[in-house]
Amino acid sequence: MRTALITGSGRREGLGFETARQLAAEGFHVILSARRFEQAEPLAADLVEEGFDASALELDLLDRASVTAAARQVEERFGRLDALINNAAMMMASPTVADKDLDELMLEFQTNVVGTWSVTQQMLPLLVAGGHGRIVNVSSGAGSFWDPDYGLVNYPGFEMDRFGEMPITAYALTKTALNGLTIKMAKELKDANVLVNAVCPGVTATRPGSEGMGPPGRRQRRGRRLGRHPARPRPHRPLLPGRQAAALVTEPSPNHLLAHHSQ
């Protein structure tokens with residue numbers, strides 16, 4: 001049975017859990033991981049109760065010993081890893097360059113970039129052992145340069161201009177770095193037959209009270225006309241954000257694709 005590890009999958013409303021469910025439905029044994037085992041274990045148990053293959057794992061991206069121990073556990077139990085979904089991330093308040101708390105800035109980069117690098121580094125031998133490894137980094141349109149809604153050049157774009165002028169977030173800068181890391185991984189790992197992609201799931205309600213950002217597990221519908229701007233085209237196959245991430249594991253895709261569906 002193919003095995004997939006999803007980081008940051010310890011919340012029922014989260015993208016990580018939805019991705020785990022989608023991969024489980026495709027026949028994967030899914031490993032749900034969180035900073036504390038008790039966060040992931042009940043969710044894995046729920047998937048097992050639904051008839052899926054799932055287990056839980058404690059994995060703290062900011063603790064290298066925790067990451068190493070997690071990789072050892074995966075190796076001892078499964079001997080290989082077919083897919084790694086780097087979903088765990090942190091987003092904090094982002095005032096201006098002059099006012100940003102630099103300790104918070106370091107924490108965001110340590111989590112979203114260095115933590116992803118650390119997990120990938122430790123899990124890489126297991127992905128290579130699988131013979132056809134897949135890595136999906138969960139990024140954001142905010143980390144792109146030209147996304148019309150959230151990209152750095154256009155920010156605040158079509159969707160965000162209703163909130164007025166706001167500083168570009170540190171979170172966005174971490175995702176820009178993550179996009180670069182995705183390309184670096186893809187170029188370096190292609191000869192090891194490990195396919196690397198990033199996915200930009202769009203605005204998704206992943207916490208209670210965030211329904212204004214779109215219904216749980218679904219992108220907020222976009223593409224409406226705003227002034228003179230044309231409606232954005234619908235993708236040919238609208239996917240749930242979790243399904244979108246899972247699709248980069250289960251369906252053919254080019255290396256270092258930055259997948260970004262607009263619905």
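**Figure 1. A nonpolar patch on the surface of the predicted model.** In this predicted model, the side chains of F145, W146 and V153 make a nonpolar surface patch of about 370 Å². One of these residues, F145, belongs to the loop that lies between strand β5 and helix α5, the latter spanning residues 170–189. With a relative accessible area of 48%, F145 counts as partly exposed, because the range for that term runs from 20% to 50%.

**Figure 2. Strand β6 and its parallel partner β5.** Strand β6 covers residues 195–199, and 5 of its 5 residues are buried, so this strand is largely enclosed by the rest of the structure. In a regular strand the side chains alternate between the two faces of the sheet. In β6 both faces are covered, with L195, N197 and V199 buried on one side and V196 and A198 buried on the other. Strand β5, made of residues 134–138, runs parallel to β6 and is joined to it by 5 bridges; where V138 is concerned, the bridge partner in β6 is V199.

**Figure 3. Helix α1 and the glycine that follows it.** Of the 11 residues in helix α1, which spans residues 15–25, 9 are buried, so the helix is largely enclosed by the rest of the structure. The buried residues of α1 include nonpolar ones such as L15, F17 and L23, as well as E18, T19 and Q22. Just after this helix, G27 adopts a positive phi of about 100°.

**Figure 4. The largest nonpolar core, around L23.** In soluble globular proteins, nonpolar side chains tend to be buried together. Here the largest nonpolar core has 26 residues, and L23, V30 and L32 are those with the most contacts inside it. Among the elements that give two or more residues to this core are β1, α1, β2, α2 and α6, and α1 gives the most, with 5 residues. Beyond its neighbours within four places in sequence, L23 is in contact with residues that include A4, I6, V30, I85 and V249. A second, separate core has 24 residues, including L126, I135, L189 and V196.

**Figure 5. A buried glycine in helix α4.** G115 is found in helix α4, which covers residues 102–130, and is buried, with a relative accessible area of 1%. Although G115 and D60 are 55 residues apart along the chain, their C-alpha atoms are separated by 8.5 Å. Leaving aside neighbours within four places in sequence, G115 is in contact with L61 and Q110.

Definitions and conventions. Residues are numbered from 1 along each chain as its sequence is written. This is a predicted model: local features need pLDDT of at least 70, side-chain atom pairs count only at pLDDT 80 or more; totals for chains, interfaces and linings use all residues. Side-chain values use heavy atoms; hydrogens and water are left out. Buried means under 20% relative accessible area, exposed over 50%, partly exposed in between (1.4 Å probe, protein chains only). Helices (H or I, at least four residues) and strands (E, at least two) are DSSP runs, numbered from the N terminus. Two strands pair if DSSP finds at least two bridges between them. Contact means heavy atoms within 4.5 Å. Patches are made of residues with over 30% relative accessible area and no salt bridge: like charges are joined within 9 Å, nonpolar side chains (Val, Leu, Ile, Met, Phe, Trp, Tyr) within 5 Å. Accessible areas come from the Shrake-Rupley method with a 1.4 Å probe; for residues, only the protein chains shown count as cover. A salt bridge is a side-chain nitrogen of Lys or Arg within 4 Å of a carboxyl oxygen of Asp or Glu. A nonpolar core is a set of buried Ala, Val, Leu, Ile, Met, Phe, Trp, Tyr and Cys residues joined through side-chain atoms within 4.5 Å.
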